[in-house]
Every structure is written in structure tokens, then in C-alpha cells.
Amino acid sequence: MKQIHLLLIALVCGLFTACMDGDWDEPSFKEGAPFGNNELTEEGLITIADLISRYPNVFASSDQNALITEPIKIKGRVTGNDLGGNIYKQFTLQDETAAIVIAVNQNGLNGYMAEGQELLVDLQGLYIGGYRKQPEIGAPYNGTSIGRMSKDVWATHFKLLDSIDPDAVKPAEFDEAFRKDIDGNCAKLVVLRNITFKNANGRTAFAGKNATTSGGNYVNQEITGLPSTVVVRTSTYADFAAMPLPYDTVGKRALPCTITGIATRYNSTWQIMIRKTSDIQIEK
């Protein structure tokens, strides 16, 4: 029995030594990511702005779609995902020209598409549409509208590139000039500085039980000093849904804060979607 025990120890040690010597190498990212289609190349690459310009009719009015038949691809970085619970079964991709929403019927997208992940997307065979004029890649929904593609379809249409840099895309200042170009800037990463919330009172939350629900599962909060066509949209499932709007209970005033998020559109309304709790910085 003692001999068997010693033999097992020797075998384990030998295996460990082999691993240390490089005889047993773990697969590296450069040999192919464990998700997506590693056979994709950058042939037929265009910019996101070019893609949107090729399908103007699907954004002319709400809820249309078109099949992409051209052998074209886009490349960009993930700027928003479902990590904080405020973005559901979709993510945003941005390059140096524009940004777009990609809708996938899958939970936990952040598990393999972190913020800053560079991504190549094969568009041929997918659908492009305008959900309330917001450019989106996905699949037909209710006939003419655009919705989520299946996770199996998506798996054959993307490639993870060996580059993750959360700081590669800098948020744009959500100033008046930016807001005027809603067609060209929607879905981009933005920052709003020194703002206060109109409904801040120490009790009203971003989307909690004391908030007024604007839709079935989300709440729109207006920002003091900006038109009603600019709102902060929060899902009731977001991690920060029950967080009170920044407010000084002693001084009885709304606290200024800086928020970062995705500036999506809903027809002519800007909907700022905060990605996670750390995107909310309260100024004391």
C-alpha cells in the first residue's frame, strides 16, 4: 500500500514538472478565443458610419429592418454591456466614426465582451434596423421591426480580437454641439458633468419604488437645466435602481454629479443609459 502511495506521488510530481517545463501548455488567446468565429478576417471592413449611411431608409421612420446581403464587416470596441443590469441582452460597439447597438438574445454578454474588448463583426446575413430610429444590428421582430438575434447566429458572426482596453474609447462631452447631431452621435459613450436631477429629494431613486415608472420596466429621470428630450433611462433591474438620486439631506438641495453612459435615442429623445454604479460620481 505504501509503495502504491509513493508511486502516485511520483506520478503527480512528474506531471507537475512536465507542466513547468512547457510539455503541457494551456491554450493562449492568440491561438483563438474560446468564443465566436476565429476564421473571420478583416476583408470587406467598413466603418460604422459607412454602414449606417448605406441603409438610410430603415432609420427614416420607426421600427424597420433590412437584410444585409453585402460581404461587409465592422470593427470597434465594446463601450456598454449588461454588467450593471441596465442594458439588457444587447451591447454597444463604437469605432472612430460612430456607434451602434447589437442585440443578442443571451444573458451574461459581459462574460466574454468586456468594456474595451475589440470586436470584428461579419454583417452579411444579419439585419440592420431602426428601433425608434436607433441604429441596431439584430434580427426581424414582429415582421418589420428589429429585435434580438439568437445566440447561435451571433456566435458565427463575431471574432474577439486580442485587444482589451477600457480606456481606448474616451467618452464624448454631452454638450449642445453633440446633442444637435442625434443622427451621427446616437449610441456613443458620453459624459455629463456637473448635473443635477430634477426629481432629487432624498427619497426618489433612479428606478426604485419611489420613482414614477415611465414604462413597463424602466424609469426616465429628467436633468435640471436640460430639455425634456434628454433623460436618464434606468431599468428597474439595474444594480443602482434603488439608489436615491444625488441629494444633500442636510442642505436640502440636489447634489451635482458627473455621469457616464451610452447616449441612445428614442425617436427625438436622448436616453442616457448609465452602465454601472461606478458611472455615477457625486460631487460633494
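Which residues line the largest cavity? That was my opening query for this model, which is a predicted one.

**Entry 1: the cavity**

I searched the whole structure and got 1 cavity of 30 Å³ or more. The volume of the largest cavity comes out at about 50 Å³. I then listed its lining: Arg77, Val78, Thr79, Glu115, Gly116, Asp165, Pro166, Ala168, Val169, Leu189 and Arg275. Sorted by character, these lining residues give 5 nonpolar, 2 polar and 4 charged. I also asked which element gives the most to the lining, and found strand S2 (residues 73-80), with 3 residues.

**Entry 2: salt bridges around Arg54**

Next I turned to charges, and my count came to 14 salt bridges. I began with Arg54, whose side chain meets that of Asp50 in a salt bridge at 3.3 Å, N to O. Arg54 counts as partly exposed because its relative accessibility is 33%, which falls between the 20% and 50% cut-offs. Asp50, at 27%, is partly exposed as well.

Arg54 also forms a salt bridge with Glu70, and here the closest N and O atoms are 2.7 Å apart. Where do Glu70 and Arg54 lie? I found Glu70 in the loop between strand S1 (64-67) and S2, and Arg54 in the loop between helix H2 (48-53) and S1, so the pair ties together parts that are 16 residues apart in sequence. Glu70 has 28% relative accessibility and counts as partly exposed.

**Entry 3: Asp183 with Arg265, and a network**

I looked up Asp183 and found its side chain in a salt bridge with Arg265, 2.7 Å from N to O. Asp183 belongs to helix H5 (residues 182-185) and Arg265 to strand S17 (residues 257-266), so this pair links distant parts of the chain, 82 residues apart. Is each partner buried or exposed? Asp183 is exposed at 55% relative accessibility, whereas Arg265 is buried with a relative accessible area of 9%.

I noted one network too: Glu115, Arg275, Lys276 and Asp279 are joined by salt bridges that share partners. I had already met Glu115 and Arg275 in the lining of the largest cavity.

**Entry 4: aromatic pairs**

For the rings, my search returned 9 aromatic pairs. I opened Phe35 and Tyr112, a stacked pair with 4.8 Å centre to centre and 20° between the planes. Phe35 sits in the loop between helix H1 (2-20) and H2, and Tyr112 in the loop between strand S4 (99-105) and strand S5 (117-122), so the two rings tie together parts that are 77 residues apart in sequence. Phe35 is partly exposed at 38% relative accessibility, while Tyr112 is buried with a relative accessible area of 10%.

Then I opened Phe91 and Trp154, a tilted pair with 5.7 Å centre to centre and 55° between the planes. Phe91 is in strand S3 (residues 90-94) and Trp154 in helix H3 (residues 151-155), so this pair ties together parts that are 63 residues apart in sequence. Both of these residues are buried. Which residues form the aromatic cluster? I found Phe35, Phe91, Tyr112, Trp154 and Phe158 in one cluster.

**Entry 5: charges over rings**

Last, I checked for charges over rings. Arg233 lies over the face of Tyr218, 4.0 Å from the ring centre. The charged end of Arg132 sits over the ring of Tyr131, at 5.5 Å from its centre.

Key
Residues are numbered from 1 along each chain as its sequence is written. This is a predicted model: local features need pLDDT of at least 70, side-chain atom pairs count only at pLDDT 80 or more; totals for chains, interfaces and linings use all residues. Side-chain values use heavy atoms; hydrogens and water are left out. On a 1 Å grid over the protein atoms alone, a cavity is a set of points where a 1.4 Å probe fits but cannot get out, and a pocket is an open set with protein on both sides within 12 Å along at least five of seven lines; lining residues have an atom within 4 Å of a point. Grid points are joined across faces, edges and corners, and a volume is the space filled by probe spheres set on the points. Helices (H or I, at least four residues) and strands (E, at least two) are DSSP runs, numbered from the N terminus. Ala, Val, Leu, Ile, Met, Phe, Trp, Tyr, Cys and Pro count as nonpolar, Asp, Glu, Lys and Arg as charged, and the others, Gly among them, as polar. A salt bridge is a side-chain nitrogen of Lys or Arg within 4 Å of a carboxyl oxygen of Asp or Glu. Buried means under 20% relative accessible area, exposed over 50%, partly exposed in between (1.4 Å probe, protein chains only). Rings of Phe, Tyr and Trp (its six-membered ring) pair if their centres lie within 6.5 Å; planes under 30 degrees apart count as stacked, over 60 as edge-to-face and the rest as tilted. A charge sits over a ring if NZ of Lys or CZ of Arg is within 6 Å of the ring centre and within 35 degrees of the ring normal.
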